[in-house]
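Student: I've got a model open and a few labels I'd like to have justified. Can we go through them one at a time?

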Amino acid sequence: MNEHDSETIAGMLREKGYEKVNAAKDANIVIFNTCSIRENADKRFFGTLGQLKKKKEQEKDGFVVCVCGCMAQQQHIIDTIKQKYSWVDVIFGTHNIHELPELLDNLYNEKKKQISVYPDRDGIVEGLPCERLYKHKSYVNIMYGCNNFCTYCIVPYTRGRERSRKPEDIVNEVKNLVADGVVEIMLLGQNVNSYKGEFSDGTGCDFTDLIYLLNDIEGLERIRFMTSHPKDLSDKLINAFRDCKKLCHYFHLPVQAGSSKVLKEMNRRYTREHYLELVRKLREAAPDIAISTDIIVGFPGETEDEFLETLELCKEVRYDSAFTFLYSVRKGTPAEKREDQVPEAVKHDRFNRLCDVINEISCEKNAEYVGTVQNVLVEGPSKRNSKTYGGRTDTFKLVNFIGSKELIGKTVKVRITGSNTFSLEGEIIND
């Protein structure tokens, strides 16, 4: 979501005549697009922001610093910036990214700080320019905001309530992207499963309906989405993995914890048993489906036995990969107020044990690909070796192989010759 917001910001600036530079020292304007999911992100942001103070003092109005994103949507962060980083020129929130060109014009004309942050916003601004990171694939927002209010999460407070785009607007955007060379799309939403679109004639459209509409677009090869909430995962969507040829067999299904008690305290609104049943149904509909997840370690009050339930669930599900997090106190969330916070040393110990289990399973799952032939969409060259290229399988496995730049954006057949914990090795099969 943040990457796509950055693409939009870059698109608007490009349209205004700005050109991208590779280093902050060469820039006339620097924009920090921030995230508030974890405390470490906050610390890194303030540390990096502080490094620009000297440049700002030297160049004054010739160097503009902007802050946006989820951190900028929180009043205590805005107050901190005003007090300790008063030289920041522009602050804008997640609901008014489209105002950036106007804010910059006002800054230059009025010679004073610009702040524009809405507590929430109902409307959706369509048609904003976008400078895509890739020619052959693209992010597509289908909805904004979140209504779930998990007790550990700040997102509903920074991104606002759920707002779904009209399905025809999404379909038209994807058709235009395909005409521009895109073959893979990633549908984005804080919880795509709860998408509730409405056509101009008032007809409803849920997330699975949207998948079927996009599956019919000629020239589009792959459909992915991120992310899903288990409480809203329907049999209808599960069956789409069986019926829709272009829907990739990869599902990111955050579990967060393996204990039903902890899940209840997180306000996740599903149980361990319900989650495992969803996994069973997914694998019944698409036996080759790869499943990844999010897991939080050390949620307030989590006992050793409850953590062991998470370990056992991971062993039972056998995730292809997982994003693992130490619980991070987020100001303004219900979990922040709990007095039974888990000690840092305990959290780190559990985190390490969890990673050991996840990595071992990931390694075993990847090894199963050795000897198979996979369709790989080539993404680009390796940063370490210009002759080595990487791409993704239908199941989102990263495959490295010897290739050339002419292959970028094309789907090639690759025989898998080796495996690692986080990637596969292969060789192109020439027809």
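**Putting labels to the test**

Tutor: Sure. Keep in mind that this is a predicted model. Let's start with Glu316, which is found in helix H12.

Student: What makes Glu316 count as exposed?

Tutor: Its relative accessibility is 51%. The cut-off for exposed is over 50%, so Glu316 counts as exposed.

Student: Which residues does Glu316 contact, leaving aside neighbours within four places in sequence?

Tutor: Those are Arg272 and Leu276. Both belong to the H11 side of the contact between H11 and H12, where Tyr275, Val279 and Arg283 also take part. Among the H12 residues they meet are Glu309, Glu312 and Leu313. By class, that contact has 5 nonpolar, no polar and 5 charged residues.

Student: Why is H11 called roughly parallel to H12?

Tutor: The two helices pack at an angle of about 10°, with their axes 11 Å apart. Angles under 35 degrees count as roughly parallel, so H11 is roughly parallel to H12. Their crossing is right-handed.

Student: Now the sheet. Why are E5 and E11 said to stand at the edges?

Tutor: The sheet is open, with 3 strands in the order E5-E8-E11 and parallel pairing. E5 and E11 each have a single partner strand, so one side of each is left without a neighbour in the sheet.

Student: How do you know that E5 and E8 pair?

Tutor: Pairing takes at least two bridges, and E5 and E8 have 5, in the parallel sense. In one of these strands, E8, Ile185 is the bridge partner of Ser138.

Methods. Residues are numbered from 1 along each chain as its sequence is written. This is a predicted model: local features need pLDDT of at least 70, side-chain atom pairs count only at pLDDT 80 or more; totals for chains, interfaces and linings use all residues. Side-chain values use heavy atoms; hydrogens and water are left out. Axes are lines fitted to C-alpha atoms, for helices over the stretch in contact, and angles run from 0 to 180 degrees between N-to-C directions. Helices (H or I, at least four residues) and strands (E, at least two) are DSSP runs, numbered from the N terminus. Angles under 35 degrees count as roughly parallel, over 145 as roughly antiparallel, 65 to 115 as roughly perpendicular and the rest as oblique. A crossing is left-handed if the near helix is turned anticlockwise from the far one by less than a right angle, and right-handed if clockwise. Contact means heavy atoms within 4.5 Å. Ala, Val, Leu, Ile, Met, Phe, Trp, Tyr, Cys and Pro count as nonpolar, Asp, Glu, Lys and Arg as charged, and the others, Gly among them, as polar. Buried means under 20% relative accessible area, exposed over 50%, partly exposed in between (1.4 Å probe, protein chains only).
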